[in-house]
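Open the model in your viewer and keep the selection panel at hand. This tour goes stop by stop: select, look, move on.

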Amino acid sequence: MNVMELRGVTKDYGRGRGVFDLSLTIAQGDSLGYLGPNGAGKTTTIRQMMGFTRPGKGTVRVFGKDPFGCAEVQKRIGYLPGETAFPGDMTGDAFLRFVAGLKGVRDMKRANELRERFELDGRTRLKKMSKGTRQKVALICAFLHDPELYLLDEPTSGLDPLMQHRFAELVAEERGRGKTILLSSHLFEEIERLCGRAAILRAGRIVACEQMEEMQKSRSRIFHIVFHAEDAAEAFLRVFPAAQRQEKEIFLTVPQTDAERVLRLAVTYGVEDLTVRAQTLEELFLHYYDGGQA
Amino acid sequence: MVKHLLARSVRSNLGLLGIILAVLAMYGGIIVTMYDPELGDTLNSMAAAMPELFAAFGMAGTPATLTEFLVNYLYGFLLLVFPLVMSILLANRLVASYVDSGAVAYLLASPHSRAAIIATQAVVHIVSNWICLAIFYGGCSAFCEMMFPGELDWTALARVTLGLAAMHFFFGGLLFASVCIFNDAKPAVGVGTSLTVLFLLIQMAEQVSDKFDWLQYLTPVTLYRTTELMEGTGGVWQACVLAGAGFVMYLAGGIIFCRKDISA
């Protein structure tokens with residue numbers, strides 16, 4: 001069953017800002033990483049999913065309904081806003097009780113568990129809290145009513161490595177319980193660690209949406225070959241003109257399927273030294289990102 | 001209505017209501033004690049010396065009774081301004097600050113319709129004003145009774161107070177619609193505030209001289225007929241028009257809030 005379905009969603013804010021013709025489905029139990037640089041449209045998309053804004057074109061369906069102003073849908077979503085703004089002058093604890101009350105949560109057991117997990121001291125006023133502490137409060141708000149679907153906009157921003165780890169554990173537990181998760185980030189390793197699928201957004205358009213394993217397979221191989229002589233490197237360059245040469249060294253990025261051909265050719269020219277590694281997801285991301293600008 | 005939001009909104013704004021009431025109590029107390037039924041009183045002689053200035057603040061003529069005195073010196077200006085200040089601050093706190101900061105996300109992401117959320121805030125906005133005026137009316141009347149037993153016409157003052165409530169309902173509707181229409185705090189608070197203050201200034205200018213009589217058609221404050229309400233000779237339909245227009249603006253603001261894009 002699809003928990004979420006976006007069809008041809010466009011929200012044009014002018015001057016190239018916004019999202020354009022987004023189509024995306026998220027099935028129950030899916031965990032989707034929503035990746036993109038700042039300003040790519042991640043938050044815009046999540047606001048559409050929350051029903052805070054209406055698409056200019058296309059349709060958004062969450063649990064089969066239009067989420068715009070739909071209280072029933074909100075009940076089933078745990079939302080973490082990208083910006084941590086809180087109303088009024090409350091302490092962390094008072095705010096958690098307020099949000100629990102709004103959500104109709106009477107039992108504060110889960111909220112207290114989360115507070116312990118994130119080591120939150122909620123007695124401080126929200127305004128006096130550091131960014132990381134405020135982020136913890138916002139996270140607990142998203143998780144405290146045990147919803148079916150999580151929409152988390154840059155959930156780890158401001159968290160220290162230990163708390164990022166705690167958050168990763170929490171996400172893994174929720175995935176284990178069959179919850180559906182969408183989390184946005186501009187960090188690859190985070191998505192790689194937390195999600196089963198990744199969608200890459202660039203300038204408001206989804207440029208790739210694949211299972212994490214597929215994406216890992218599609219990573220290129222990066223060769224650094226040192227030949228015995230410069231003319232060998234020169235000869236190699238004629239076969240692979242995309243490579244870069246520095247005296248007798250060659251730098252080359254090729255699809256995984258071409259790796260054997262590179263290796264065989266290199267050996268025929270005489271290799272002094274060779275290193276090969278898989279492209280990191282970060283480099284893959286930059287590749288998608290730069291691809292459109294070139 | 002959203003119970004928890006209502007509790008939160010009431011609790012966090014009680015202080016403001018208290019401050020406004022304290023200021024009104026101070027002015028009210030001073031004005032009432034300045035009333036002197038026997039001797040030619042000080043305020044009246046000051047008014048005779050500076051008729052234009054007093055007229056601008058809605059204080060015209062030389063009131064003879066305590067009721068006239070109150071209507072002249074309190075209901076013409078002070079009771080318009082201070083509750084209006086509260087209304088402006090409340091509209092900002094109840095709607096504009098949530099939307100501008102993005103904190104509205106926590107309200108929108110709760111299992112309540114936008115209509116319920118905005119209706120809750122509208123009720124707090126409206127009822128705070130009513131409570132303010134009711135407490136002032138009760139306190140002021142009781143104080144008058146204590147100082148000058150039997151001098152005050154309670155029902156006449158009640159009529160003027162209801163007219164005043166209608167005037168504030170109009171102002172409130174305008175302010176509320178303004179904070180509902182705009183997502184940025186500056187225009188949200190600015191447009192409503194400027195218009196209400198402008199209306200008051202026009203009213204003040206109009207009262208200074210007969211030459212500016214035409215100004216009365218430019219401000220809804222003209223529809224707040226203190227003298228006629230006090231005397232029981234009219235001002236009722238005007239008050240109804242103000243209240244009706246206020247209701248339409250509150251409703252329009254609410255509908256816009258339910259339909260607009262909110263980036264939070």
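How many helices and strands does the secondary structure of chain A come to? Colour chain A by secondary structure and count eleven helices and 13 strands. Keep in mind throughout that this is a predicted model.

**Stop 1: chain A as a whole**

Show chain A as a C-alpha trace. Along its principal axes, the trace spans about 75 × 40 × 35 Å. Chain A has 294 residues, and buried ones make up 51% of them.

Now colour by domain. Select 29-44 together with 65-213 for domain 1 of chain A, then 220-278 for domain 2. Place a marker at the C-alpha centre of each domain of chain A; the two centres lie 45 Å apart.

Next, turn on contacts within chain A. Take those between residues at least 6 apart in sequence: 67% of them join residues at least 24 apart.

**Stop 2: where chain A meets chain B**

Bring chain B back into view. Select the residues in contact across the two chains. You should get 27 residues from chain A and 25 residues from chain B. The area buried between chain A and chain B is about 2200 Å². Carbon and sulfur atoms give 63% of that area.

Which residues of chain A lose the most area to chain B? Select A:Phe52, A:Phe98 and A:Leu102. Together they account for 28% of what the chain A side buries.

Switch to polar detail. Between chain A and chain B there are eight residue pairs in polar contact, counting pairs with both residues at pLDDT 80 or more. The count of salt bridges between these two chains is one. To see the salt bridge, select A:Lys11 and B:Asp261. Their closest N and O atoms are 2.4 Å apart.

Stay on the chain A side and colour by element. β1 (2-14), α1 (42-50), α2 (71-75), α3 (92-102) and α5 (131-143) of chain A each supply at least two of the residues that touch chain B. Which of chain A's elements gives the largest share? Select α3(A): five residues come from there. Then recolour by class. The side of chain A that touches chain B has 17 nonpolar residues, five polar and five charged.

**Stop 3: salt bridges inside chain A**

Over all chains, the count comes to 23 salt bridges. Visit three of them in chain A.

Start with A:Glu173 and A:Arg117. Their side chains meet in a salt bridge, 2.7 Å from N to O. What does the pair tie together? A:Glu173 lies in helix α6 (residues 161-176) of chain A and A:Arg117 in helix α4 (residues 109-117), so the salt bridge links parts 56 residues apart in sequence. A:Glu173 counts as partly exposed, at 39% relative accessibility.

Now select A:Arg166 and A:Glu119. This salt bridge is 2.9 Å, N to O. A:Arg166 is in helix α6 of chain A, while A:Glu119 is in the loop between α4 and α5, so the pair ties together parts 47 residues apart in sequence. A:Glu119 has 47% relative accessibility and counts as partly exposed.

Third, select A:Asp146 and A:Lys179. Here the N to O distance is 2.6 Å. A:Asp146 sits in the loop between α5 and β6 (149-153) of chain A, and A:Lys179 in the loop between α6 and β7 (180-185), so parts 33 residues apart in sequence are tied together. Are these two partners buried or partly exposed? A:Asp146 is partly exposed, at 33% relative accessibility. A:Lys179 is buried, with a relative accessible area of 10%.

Widen the selection to A:Arg110, A:Asp146, A:Glu174, A:Arg177 and A:Lys179. Salt bridges that share partners join these residues into one network.

**Stop 4: A:Glu154 and its neighbours**

Where is A:Glu154 found? Look in the loop between β6 and α6 of chain A. A:Glu154 counts as buried because its relative accessibility is 18%, under the 20% cut-off. Show its contacts, leaving out residues up to four places away in sequence. A:Glu154 touches A:Asn38, A:Lys42, A:Leu80, A:Gln135, A:Ser184 and A:His186.

**Stop 5: a last look at chain B**

Select B:Ala245, in helix α11 (residues 236-259) of chain B. B:Ala245 is partly exposed, at 27% relative accessibility. Then add B:Leu79 and draw a C-alpha to C-alpha distance. B:Ala245 and B:Leu79 are 20 Å apart in space and 166 residues apart in sequence.

Technical notes: Residues are numbered from 1 along each chain as its sequence is written. Chains are lettered from A and ligands numbered from 1 in the order in which they are written. This is a predicted model: local features need pLDDT of at least 70, side-chain atom pairs count only at pLDDT 80 or more; totals for chains, interfaces and linings use all residues. Side-chain values use heavy atoms; hydrogens and water are left out. Contact means heavy atoms within 4.5 Å. Buried area is the accessible area (1.4 Å probe) that two parts lose on being put together, summed over both. A salt bridge is a side-chain nitrogen of Lys or Arg within 4 Å of a carboxyl oxygen of Asp or Glu. A polar contact is a pair of N or O atoms within 3.5 Å; within protein, one must be able to donate a hydrogen and the other to accept it, and residues adjacent in sequence count only if both atoms are side-chain atoms. Helices (H or I, at least four residues) and strands (E, at least two) are DSSP runs, numbered from the N terminus. Ala, Val, Leu, Ile, Met, Phe, Trp, Tyr, Cys and Pro count as nonpolar, Asp, Glu, Lys and Arg as charged, and the others, Gly among them, as polar. Buried means under 20% relative accessible area, exposed over 50%, partly exposed in between (1.4 Å probe, protein chains only). Domain bounds come from an automatic or database domain assignment.
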